[in-house]
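Dear colleague,

Please find below the structure that I am handing over to you. A summary of what was found in it follows.

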Amino acid sequence: MADVEKTKAVAVCDGCGELAPVRVWPDGTIHPIGSEDGCCEEADYRILEDGESAAAFE
Ligand SMILES: [Zn+2]
């Protein structure tokens, strides 16, 4: 995998409250894993937790 430069984290969407595994890119933007379009139209992710727990979502 070529994901080593991207930080995995767990985020919550401020739009709908959904928890989502995300990657934080080096430029600071947050990208949901598995759905680049996000979970809803208002998708706006807030990092809850960094680290290994994000792996459990994959
Ligand atoms: Zn949402």
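**Overall architecture**

Read from one end of the sequence to the other, the chain has the pattern β-β-β-β. Please note that this is a predicted model. The chain holds four strands and zero helices. Of its 58 residues, 10% count as buried. Among the contacts in the chain with a separation of 6 or more, 49% are between residues 24 or more positions apart.

**Confidence**

The mean pLDDT of the chain is 79, and 72% of the residues reach 70 or more. Among the elements, β2 has the highest mean pLDDT, at 90, and β4 the lowest, at 80. As a general caution, predicted coordinates should not be read in detail where pLDDT is low.

**Strand pairing and hairpins**

Strand β1 covers residues 7-13 and strand β2 residues 19-24; the two run antiparallel and are joined by six bridges. Two of the residue pairs may serve as reference points when you inspect the model. Thr7 has Val24 in β2 as its bridge partner, and Lys8 is partnered by Arg23, also in β2. Five residues lie between the strands in the hairpin of β1 and β2, and Gly17 takes a positive phi there, near 85°.

Strand β2 also pairs with strand β3 (residues 30-32), again in an antiparallel manner, through three bridges. Here Val22 stands opposite Pro32 in β3. The hairpin of β2 and β3 has five residues between the strands as well, and in this hairpin Gly28 has a positive phi near 95°.

Gly28 itself is found in the loop between β2 and β3. Gly28 counts as exposed because it has 6 C-beta neighbours inside 10 Å, where the cut-off for an exposed residue is 12 or fewer. Between the C-alpha atoms of Gly28 and Thr7 the distance is 9.7 Å, with the two residues 21 apart in sequence.

**The nonpolar core**

Which residues make up the largest nonpolar core? The core consists of five residues, namely Ala9, Ala11, Ala20, Val22 and Tyr45. The elements that contribute two or more residues to this core are β1 and β2.

Ala20 is placed in strand β2. Ala20 is buried because 23 other C-beta atoms lie within 10 Å, and the threshold for burial is 20 or more. Apart from neighbours within four places in sequence, Ala20 is in contact with Ala11, Cys13, Pro32, Cys39 and Tyr45. For Ala20 and Cys39, which are 19 residues apart in sequence, the C-alpha atoms are 8.5 Å apart in space.

Tyr45 is the core member to examine next. Not counting residues up to four places away in sequence, Tyr45 touches Ala11, Cys13, Ala20, Val22, Ile30 and Pro32. Among these partners, Ala11, Ala20 and Val22 are members of the core, while Val22 and Pro32 stand opposite one another in the pairing of β2 with β3.

**Two exposed residues with partners far along the chain**

Arg46 lies in strand β4. Is Arg46 buried or exposed? Arg46 counts as exposed, because it has 10 C-beta neighbours inside 10 Å. Leaving aside neighbours within four places in sequence, the contacts of Arg46 are with Ala11, Val12 and Asp14. Arg46 and Cys13 are 33 residues apart along the chain, and their C-alpha atoms are separated by 6.3 Å.

Glu42 has its place in the loop between β3 and β4, the latter being residues 45-50. With 10 other C-beta atoms within 10 Å, Glu42 is therefore exposed. The C-alpha atoms of Glu42 and Gly15 are separated by 4.7 Å, although the residues are 27 apart along the chain.

Yours sincerely

How values were computed. Residues numbered from 1 in each chain as written. Predicted model: local features only at pLDDT ≥ 70, side-chain atom pairs only at ≥ 80, totals over all residues. Pairing = 2+ DSSP bridges. Contact = placed C-beta atoms within 7 Å. Core = buried A, V, L, I, M, F, W, Y, C linked by C-beta atoms within 7 Å. pLDDT = per-residue confidence, 0-100.
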